[in-house]
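Could you walk me through the aromatic pairs, the charges over rings and one of the pockets in this model? I would like to learn how to read each feature.

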Amino acid sequence: MKKIFIFGITGSIGTQTLEVLNRENFKKEFKLIGGTINSNFKKAKKIIEKYNLEFLYINDYKEKGSLPQKYRNCNIITNYQKLEEYLEFKKPEISLIATSGFAGLKNTLTSIKFSKRLCIANKESLVSGGDIVIKKIKEKNIELLPVDSEHSAIFQLLEGEKSPSNLIITASGGSLRNTPIEELKNVTIEKVLNHPVWNMGKRITVDSATMVNKGLEVIEAYYLFDKPKIDVIINENSHIHSIIYFEDGTMKLHYGKPDMKIPIAYSLTYPKRSYKDEMIPLKNIEFKKVDYQRYPSLKLAFEILGNQKLHIAYNSIDEELVELFLNKKIKFTDIFNILKKCILEIDKINIKINDIEDIYETDKISRNILKQYINN
């Protein structure tokens, strides 16, 4: 049985991965040995009980003194170095990075040391880590399987193919796609979080509405697929996950149900397809061009594409801005306006990205510039 470790086991992707692993044919092939959580130990205890985890890392438990050292024979860890020691000893064949945000970069770097296959749902690792992370993965000869539905689709479409002339990433348009532009300034948090197609975490749902999420996916695809030409198009029902064009005029489309469990399962079992699901009818394939007046944050992503310093800033600042929006400190349209202004400030700073430390330093600088802007 292949051993699996899940970073972010109680989050949206982590929970859906557990649903995949709970299927009978997956139970026979995979053994879940552990995972990480941020703070939800109550939920984690149920996972420990059901899957007989061997160890669990807790990142931010406010009452660490009250945590048991073991729970149902599962070792409870609060020290990251200790987590790395466990991973080095157990050496899970597969690590799935399901943590959200910039914090996922640390988990990706850890997984590169100990696993044979890296299933990555944390796009920020590649957006911020860029060529440095890709180089480390290649040096260790690790299989890299994207979990995002769009990138998984491109990965599958490219099987047996040479580099295409163009990649097209599809987008649903988010929860506000039919809201008049003049009303965006005063939309409620509840409306933003009511996604018409996908069931996701709060940050990614807000980012879907601004299309920052699609901007992050464009940057991720830039690194994943060797810096191709990339476009974005809207497919509202999310049945088309991505499209690739070739020089001879051929176009390949990936069509399927908007269900994250499918690309999760594929990343675990590649090159096999072990996940079973019903076929959806082939209909309603409609596309719309992106209205960049409605989605200026996506336009900004294309403007900075290829500049790793600004990739890092784009992600870090947005991460903070989404929290400010969810805490009712700023309006929805402030997200782009402030993001753009801070990006312009960071662009003036002479920062070179030569190693991992430079990435962390740029992330810190970006967040500080935002704080200064908000305080002023």
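What follows is a short dialogue on a predicted model.

Q: How many aromatic pairs are there, and how do I recognise one?
A: Start from the ring centres: two rings pair if their centres lie within 6.5 Å. By this rule the count here is 11 aromatic pairs.

Q: Which geometry do phenylalanine 41 and tyrosine 71 show?
A: Look next at the angle between the planes, where over 60 degrees counts as edge-to-face. For phenylalanine 41 and tyrosine 71 the planes are 75 degrees apart and the centres 6.2 Å apart, and the pair is edge-to-face.

Q: Which parts does that pair tie together?
A: Here you map each ring onto its element. Phenylalanine 41 belongs to helix H3 (residues 41-51) and tyrosine 71 to strand E4 (residues 70-71), so the pair joins parts that lie 30 residues apart in sequence. Both phenylalanine 41 and tyrosine 71 are buried.

Q: What about phenylalanine 325 and phenylalanine 332: are they buried or exposed?
A: Compare the relative accessible area with the cut-off: buried means under 20%. Phenylalanine 325 has 3% and is buried, and phenylalanine 332, at 6%, counts as buried too. These two rings also form an edge-to-face pair, with 5.9 Å from centre to centre and 70 degrees between the planes.

Q: Which residues do ring pairs link into a cluster?
A: Follow the pairs from ring to ring. Doing so links Phe5, Phe7, Phe55 and Tyr86.

Q: Where do charged side chains sit over rings?
A: Check how far the charged end is from the ring centre. The charged end of arginine 23 sits over the ring of tyrosine 275, 3.9 Å from its centre. Lysine 106 lies over the face of tyrosine 80, at 4.0 Å from the ring centre.

Q: What is lysine 261 in contact with?
A: Set aside the neighbours within four places in sequence, then list what remains. For lysine 261 that leaves Gln16, Glu19, Val20 and Tyr275. Lysine 261 lies in helix H11 (residues 261-269) and is buried, with a relative accessible area of 16%.

Q: Which element gives the most to the lining of the second largest pocket?
A: Assign the lining residues to their elements. H11 gives the most, with five residues; helix H7 (149-157) and strand E12 (251-255) also give two or more. The pocket has a volume of about 540 Å³. Its lining has 25 residues, with His254, Tyr255, Gly256, Ile262 and Arg273 nearest the centre.

Q: How do the residues of that lining divide?
A: Sort them by side-chain character. The lining of the second largest pocket has 10 nonpolar, eight polar and seven charged residues.

Conventions. Residues are numbered from 1 along each chain as its sequence is written. This is a predicted model: local features need pLDDT of at least 70, side-chain atom pairs count only at pLDDT 80 or more; totals for chains, interfaces and linings use all residues. Side-chain values use heavy atoms; hydrogens and water are left out. Rings of Phe, Tyr and Trp (its six-membered ring) pair if their centres lie within 6.5 Å; planes under 30 degrees apart count as stacked, over 60 as edge-to-face and the rest as tilted. Helices (H or I, at least four residues) and strands (E, at least two) are DSSP runs, numbered from the N terminus. Buried means under 20% relative accessible area, exposed over 50%, partly exposed in between (1.4 Å probe, protein chains only). A charge sits over a ring if NZ of Lys or CZ of Arg is within 6 Å of the ring centre and within 35 degrees of the ring normal. Contact means heavy atoms within 4.5 Å. On a 1 Å grid over the protein atoms alone, a cavity is a set of points where a 1.4 Å probe fits but cannot get out, and a pocket is an open set with protein on both sides within 12 Å along at least five of seven lines; lining residues have an atom within 4 Å of a point. Grid points are joined across faces, edges and corners, and a volume is the space filled by probe spheres set on the points. Ala, Val, Leu, Ile, Met, Phe, Trp, Tyr, Cys and Pro count as nonpolar, Asp, Glu, Lys and Arg as charged, and the others, Gly among them, as polar.
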